[in-house]
Amino acid sequence: MTRGEKVIAFIERYCRVPEGKHVGKPIRLAKFQRKFILAIYDSPRRIRRAYLSIARKNGKSALIAAILLAHICGPEAVTNSQIVSGARSRDQAALVFKLASKMLSLSPELEKVTRIVPSSKMIVGLARNVEYKALSAEAGTAHGLSPVLAILDEVGQIKGEYDAFVEAITTSQGAYDDALLIAISTQAATDADLFSTWLDDAKDDEGTVCHLYSAPEDCDLLDEGAWAAANPALGDFRSLEEMKDAAQQAVRMPSKENSFRWLYLNQRIEASTPFVNSTVWRENGGTPGPIEGPVFAGLDLSEVQDLTAFVALSQVGESKWGVHPYFWLPGDGLVDKARADRVPYDRWHKDGHLLAAPGPTVSYEYVATWMRGFCDAHDVRRIAFDRWNFRHLKPWLQSAGFADYEVEGDSAIFKEMGQGFASMSPALRDFEGALLRHDLLHGAHPVLENCARNAVVEMDAAGNRKLTKKKSRGRIDGMVALAMALSVSVDDRGEAVTSPWDNPDFKLKVG
């Protein structure tokens with residue numbers, strides 16, 4: 001038998017249904033469960049990660065427990081190895097341990113070759129001295145481990161794209177060339193959450209198995225085909241009657257629709273309209289190349305302790321723009337801010353994607369001096385800025401060496417631009433057009449990509465739009481700066497333009 005066939009045979013021969021109406025009976029894996037196991041263990045490539053995303057009540061935790069036992073006392077056991085399973089809460093972490101323990105107690109053969117330690121939620125495989133332990137983020141026990149197998153339960157509950165507990169587990173596997181991480185969960189609620197970023201990244205990673213079961217985006221709530229798409233166990237050990245009841249309740253009560261689509265149809269649910277979806281963003285991820293020729297930029301000045309963004313554009317070929325983003329946060333307290341925002345600012349700084357300003361703030365003096373150096377090195381034609389904080393920046397620009405004519409007047413480098421509906425709506429039209437034509441080459445810059453995930457559209461009564469954040473901690477400064485940079489880019493004649501509405505002839509044409 002292959003490795004995958006041995007794992008399946010072990011589970012179906014020795015593991016028993018741990019609870020419910022079929023308790024004590026041999027487990028019979030569903031087709032989708034067999035498919036997942038074979039994809040992991042029989043792949044011609046070395047698989048380091050495996051994701052299974054399905055709607056709730058499709059046997060996720062029981063499958064985790066069965067795979068665990070195959071590694072503790074079955075065909076995948078590795079001598080003197082560690083295994084962990086992790087979950088956000090103590091209760092969720094205890095669930096996997098309890099299911100595995102119940103399976104052992106129901107199997108005389110497996111009970112003889114294992115020892116259960118309830119006080120520490122540990123199971124030991126006696127034949128090969130394999131230690132398994134259930135961990136929770138609440139307990140904070142993820143450090144100091146070196147697991148050959150780590151299984152994460154319900155990663156979709158994590159908000160944001162960074163979690164210190166998950167990071168500690170994933171980075172602890174570096175001692176093994178053949179370490180395996182398995183994540184089984186319903187989808188996260190938004191594109192910007194951790195599990196969503198993993199699922200999206202898996203599309204381009206040959207070392208990751210990704211099985212995603214989700215209903216079509218715009219499906220009817222009572223569409224039984226959509227139910228089946230997200231619930232591969234429907235009609236087997238997933239109750240069809242309970243699904244019908246939940247769907248009918250969601251139809252009667254619109255307030256229940258989002259949770260039904262998330263938990264029962266395994267869809268990502270955005271509370272707001274995203275400005276750009278992840279597919280379109282990736283399609284603009286080409287390499288921007290060096291900064292050459294005329295440069296146009298946008299500057300989003302934040303509060304002195306928040307993210308400040310400067311995004312420069314330089315032309316590539318006849319129609320594309322190379323996108324060159326620069327971001328600052330205060331150097332002091334950078335790790336604490338990463339934890340508070342659930343965003344890896346410290347790692348981005350280490351990798352050179354985020355600049356750390358000295359001290360506890362991003363001072364305007366620091367920004368002004370940096371821009372003077374940037375303008376000296378490049379042919380900067382125009383920098384759009386938010387008028388709100390510019391009055392504080394202006395004296396520092398002059399102190400940094402910018403002449404008065406560069407700061408103010410018709411020939412100034414700096415151009416004032418509001419961030420309300422009137423100014424941003426035409427800028428967003430230009431931005432959308434560039435994205436849909438694939439005219440932007442942003443190089444998948446991680447900080448800018450994070451801003452893109454957080455940016456949603458807010459609309460006024462007249463249909464004008466501006467960018468806003470989907471959550472209080474989310475940062476969109478890079479997207480605002482990029483929109484402003486595009487608004488002051490130039491046409492073929494070298495004339496600065498913002499939108500067609502700034503042209504009096506265009507206004508006359510449309511009346």
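Which backbone oxygen lies 2.8 Å from a polar atom of the side chain of Asn231? In this predicted model, the atom in question is the backbone oxygen of Tyr264. The surroundings of Asn231 are described below, after an outline of the chain as a whole.

The chain contains 511 residues, of which 50% are buried. Its secondary structure consists of 20 helices and 18 strands. Along the principal axes, the C-alpha atoms occupy a box of roughly 85 × 50 × 40 Å. Among contacts with a separation of 6 or more, 71% join residues that are 24 or more positions apart. The accessible surface amounts to about 23,300 Å², and carbon and sulfur atoms contribute 49% of this area. The chain carries 61 positive and 67 negative charges, and the mean positions of the two sets are 8 Å apart.

Asn231 is located in the loop that runs between helix H8 (224–230) and helix H9 (240–252). Its relative accessibility is 1%, and buried means under 20%, so Asn231 counts as buried. When residues up to four places away in sequence are not counted, Asn231 touches Ala55, Arg56, Asn58, Arg238, Met243 and Tyr264. Tyr264 is thus listed among the residues touching Asn231, and its backbone oxygen is the one at 2.8 Å from a polar atom of the Asn231 side chain.

A second loop residue, Glu76, was examined in the same way. Glu76 lies between helix H3 (60–72) and strand S2 (82–87). With a relative accessibility of 11%, Glu76 also falls under the 20% limit and therefore counts as buried. The side chain of Glu76 forms a polar contact with the side chain of Arg3, at 2.6 Å. Apart from neighbours within four places in sequence, the residues in contact with Glu76 are Arg3, Val7, Tyr41, Ala70 and His71. Arg3 therefore appears both in this contact list and as the partner in the polar contact.

Helix H4 covers residues 90–105 and has 16 residues. At 1.5 Å a residue, H4 should span 22 Å; the C-alpha atoms at its ends are 22 Å apart, so the expected span and the distance in the model agree. Several residues of H4 are buried, including Ala93, Ala94 and Ala100. The buried set also includes Val96, Phe97, Leu99, Met103 and Leu104, together with Gln92 and Ser101.

Methods:
Residues numbered from 1 in each chain as written. Predicted model: local features only at pLDDT ≥ 70, side-chain atom pairs only at ≥ 80, totals over all residues. Heavy atoms only, no water. Helix = DSSP H or I, 4+ residues; strand = E, 2+ residues; numbered from the N terminus. Buried < 20%, exposed > 50% of the residue type's maximum accessible area, 1.4 Å probe, protein only. Contact = heavy atoms within 4.5 Å. Areas by Shrake-Rupley, 256 points an atom, 1.4 Å probe, with all protein chains shown as cover. Lys, Arg positive; Asp, Glu negative; His and termini not counted. Charge placed at Lys NZ, Arg CZ, Asp CG, Glu CD. Polar contact = N/O pair within 3.5 Å; in protein donor to acceptor, adjacent residues only side chain to side chain. Expected span 1.5 Å × (residues − 1).
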